[in-house]
Amino acid sequence: MGPDRERDGRRRETVRAVVYVACGAVLLAGCASMPDSGDLRGVESTPRQDAQVRVFALPPHDNAPPGQIVQGFLEALTSDDPHYETALKYLTARAAKQWRPDASTTVLDGGPTADPVHAGSRDDPDDYAATLTGGRFATLDSQQSYKPADGQYRETLHLTREKKSGQWRIDDLPQGIVMGKSDFLRNYTSVNKYYFASNTPTESDGQPVSVADPVYVRKKVDPMTQTVSSLLEGPSRWLGPVVRSSFPTGTALKKGVTSLTPDDQNRLTVPLNDKASRVGSAKCTEMAAQLLYTLQDLTPTGVDEVALQRANGTQLCVLGKEQAEIVAARGVVEHPEFQYFIDGKHRLVRVAGDSLEAAADVTPVPGALGEGEKQLRSAAVSRDEDSAAGVSADGSMLYVGSLVSGGSLGEPVVTSQGATKADRLTTPSWDGDGDLWVADRNPEKPRLLLLEKGAGDPLEVRTPGLDGRIEAVRVAADGVRIALIVEKDGLRSLYVGRIERDERSAASGGASREKTAAGQRTGERSVVSVLELHSVTPQLEEVTAMSWAGDSRLVVVGREQDGVQQMGYVQVDGSTPVGSAPAALTGVKGIAASEDERLPLVAYSEEDGIVRLLSGSKWQKLVKDGSAPVYPG
């Protein structure tokens with residue numbers, strides 16, 4: 001068969017698969033009967049336009065040959081059947097008992113392809129096998145956490161003809177489910193679960209800070225109940241070491257509760273099991289805040305109030321959306337008042353965040369960094385906007401100063417010995433606890449450094465598993481996640497890592513620090529590490545710039561191999577969030593976004609200088625002569 005005929009054949013099989021799923025969904029009279037011959041090809045379904053239509057696959061019909069059994073089973077995996085009951089009908093009784101569809105989900109670039117063939121000898125006509133193949137795109141683990149994937153998928157389904165019924169059925173198969181990318185996008189939606197940072201110096205002081213933990217749930221199979229159950233089960237394995245849940249271990253929905261729905265006042269009642277029956281009121285309101293933050297974007301109108309119930313039906317607590325912001329911070333502690341950048345005179349300047357005007361609103365910041373005492377090439381502003389850090393024009397020195405008129409800089413807090421500008425300090429970044437991060441790119445001694453409260457001797461952060469040199473650093477507002485651009489062999493990729501702090505003394509000496517919430521004694525320093533770095537832009541060969549742009553989202557500028565520069569959003573798990581990318585902009589060298597998604601993007605373009613993208617509009621030029629835009633953080 002020539003390539004054109006093969007493509008035509010696959011196209012016919014794909015269309016035929018879609019028709020049968022649709023016929024099964026609405027049970028139309030006069031639907032075509034399923035084919036009883038032909039080999040198995042891709043079963044990628046066309047995304048459906050009606051979000052309210054639920055898709056159900058057809059069960060196997062009598063005397064269906066092996067090819068149709070395999071194809072029908074794969075189609076059933078992409079249906080909206082809550083418990084895969086139709087898929088189970090394609091299995092033998094023993095295989096149905098052993099199969100665990102929730103163990104994992106493998107997403108392929110296209111639909112899985114297979115050709116059933118005789119598996120046994122020529123004398124045994126009742127023994128078939130089908131090898132499923134395809135290019136890996138992503139996986140979901142048993143916790144529904146997403147991870148990009150590559151390479152070839154290759155798994156085998158074995159079929160046998162049951163002696164009693166004479167019907168072909170699958171008797172051996174891999175755990176989990178497999179589907180093509182377009183079916184995955186039709187079936188699943190990303191949801192942020194929220195937990196509280198437990199691994200920061202000020203964790204027990206004041207409000208707990210929420211941390212987003214994205215998972216994927218089946219969008220037409222009671223996503224609210226799925227999401228609540230996932231939240232109760234606890235954080236993902238990757239995030240777990242640095243967050244806590246206010247729900248006691250073992251908390252689950254009350255036995256018998258199968259579905260949760262808000263009432264007409266957008267109030268959601270959540271009955272819990274006995275594990276949560278004895279929690280106090282403060283802990284209960286934290287639990288309710290976790291739920292409110294988690295469910296905020298799951299419905300068009302959101303959930304305005306959560307009521308938690310004990311197993312006996314009595315009320316534990318009630319919390320409204322406005323009260324939740326008092327109970328726990330949503331990562332972003334304060335709404336940024338200004339956007340900042342370096343002007344043509346190498347000073348740190350700012351523009352009001354809500355201003356629609358351009359150059360007239362740009363003013364130097366108060367203090368030495370705005371007065372031009374030291375020429376700067378990049379800067380970072382603390383999240384309370386009281387302090388700032390600036391890197392000297394040659395990249396060798398890092399200064400910290402107060403944003404108060406008349407303040408002086410003093411001596412640099414970090415000095416790099418790199419031979420060239422490209423081998424010296426990166427743009428710094430402040431975390432939510434007021435600590436300052438910066439990377440020294442000196443090839444002789446590359447380091448990631450942390451300055452507690454922006455002062456004192458820098459602490460070298462451990463980065464086991466880091467393969468390459470850090471080119472850019474951005475710490476999330478929650479203080480437990482960090483984004484790094486890492487260069488290796490001329491390629492730059494974006495990684496996200498987990499920040500862990502150990503109470504043991506660091507091996508190296510250093511300035512003393514007063515006792516913190518983590519319990520360190522005076523004179524000791526915590527060991528800080530960035531662990532389990534994972535790439536979130538595997539498709540990009542060159543990442544130019546990045547910034548946090550939400551609770552679990554970053555904005556990234558980069559290009560694919562031999563491609564043009566592009567700008568888009570990416571989730572911390574490596575998936576692409578739903579929605580449009582920012583308007584195109586050429587020659588982008590720097591990008592800044594706020595974790596408050598309502599605020600505009602700010603970029604530095606070689607052609608246009610400092611520009612800003614307000615919601616629903618085009619890029620607006622602020623000043624031609626400027627660079628290195630940043631928001632507080």
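Trainee: What makes strand β23 (residues 447-451) and β24 a pair?

Mentor: Two strands pair if DSSP finds at least two bridges between them. β23 and β24 have two bridges, in the antiparallel sense, so they meet that cut-off. One bridge joins Leu-450 to Leu-459 in β24. The labels are DSSP runs numbered from the N terminus: strands are E, at least two residues, and helices are H or I, at least four. This is a predicted model, in which local features need pLDDT of at least 70, side-chain atom pairs count only at pLDDT 80 or more, and totals for chains, interfaces and linings use all residues. Residues are numbered from 1 along each chain as its sequence is written, and side-chain values use heavy atoms, with hydrogens and water left out.

Trainee: What makes β21 (429-430) and β24 (459-460) edge strands?

Mentor: Each of them pairs on one side only. The open sheet runs β21-β22-β23-β24, with antiparallel pairing. β21 and β22 share two bridges, and Ser-429 stands opposite Trp-437. β22 and β23 share five bridges, with Leu-450 as the partner of Trp-437 in β23. Both of these pairs form hairpins: five residues separate β21 from β22, and six separate β22 from β23.

Trainee: How do you know that strand β22 (residues 436-440) is mostly covered?

Mentor: Buried means under 20% relative accessible area, exposed over 50%, and partly exposed in between (1.4 Å probe, protein chains only). Five of the five residues of β22 are buried. Leu-436, Val-438 and Asp-440 point one way, and Trp-437 and Ala-439 the other way. In a regular strand the side chains alternate between the two faces of the sheet.

Trainee: Why is Glu-595 called buried?

Mentor: Its relative accessibility is 12%, so Glu-595 counts as buried. Glu-595 sits in the loop between β32 (588-592) and β33 (601-605). Its side chain makes a polar contact of 2.9 Å with that of Arg-383. The term covers a pair of N or O atoms within 3.5 Å; within protein, one must be able to donate a hydrogen and the other to accept it, and residues adjacent in sequence count only if both atoms are side-chain atoms.

Trainee: What is notable about the phi of His-346 and of Glu-385?

Mentor: Most residues other than glycine have a negative phi. His-346 has a positive phi of about 65°, and Glu-385 a positive phi of about 60°. His-346 lies in the loop between β14 (338-343) and β15 (348-352), and Glu-385 in the loop between β17 (376-381) and β18 (387-392).

Trainee: Are His-346 and Glu-385 buried or partly exposed?

Mentor: His-346 has 32% relative accessibility, so it counts as partly exposed. Glu-385 has a relative accessible area of 14% and is therefore buried.

Trainee: What makes a set of residues a nonpolar core?

Mentor: The members are buried Ala, Val, Leu, Ile, Met, Phe, Trp, Tyr and Cys residues joined through side-chain atoms within 4.5 Å. The largest core here has 58 residues, and Val-270, Leu-272, Leu-308, Leu-494 and Leu-554 touch the most other members. Helix α7 (residues 281-295) gives the most to this core, with eight residues. Another core, of 35 residues, lies apart from it and includes Ala-76, Ala-130, Leu-173 and Phe-184.
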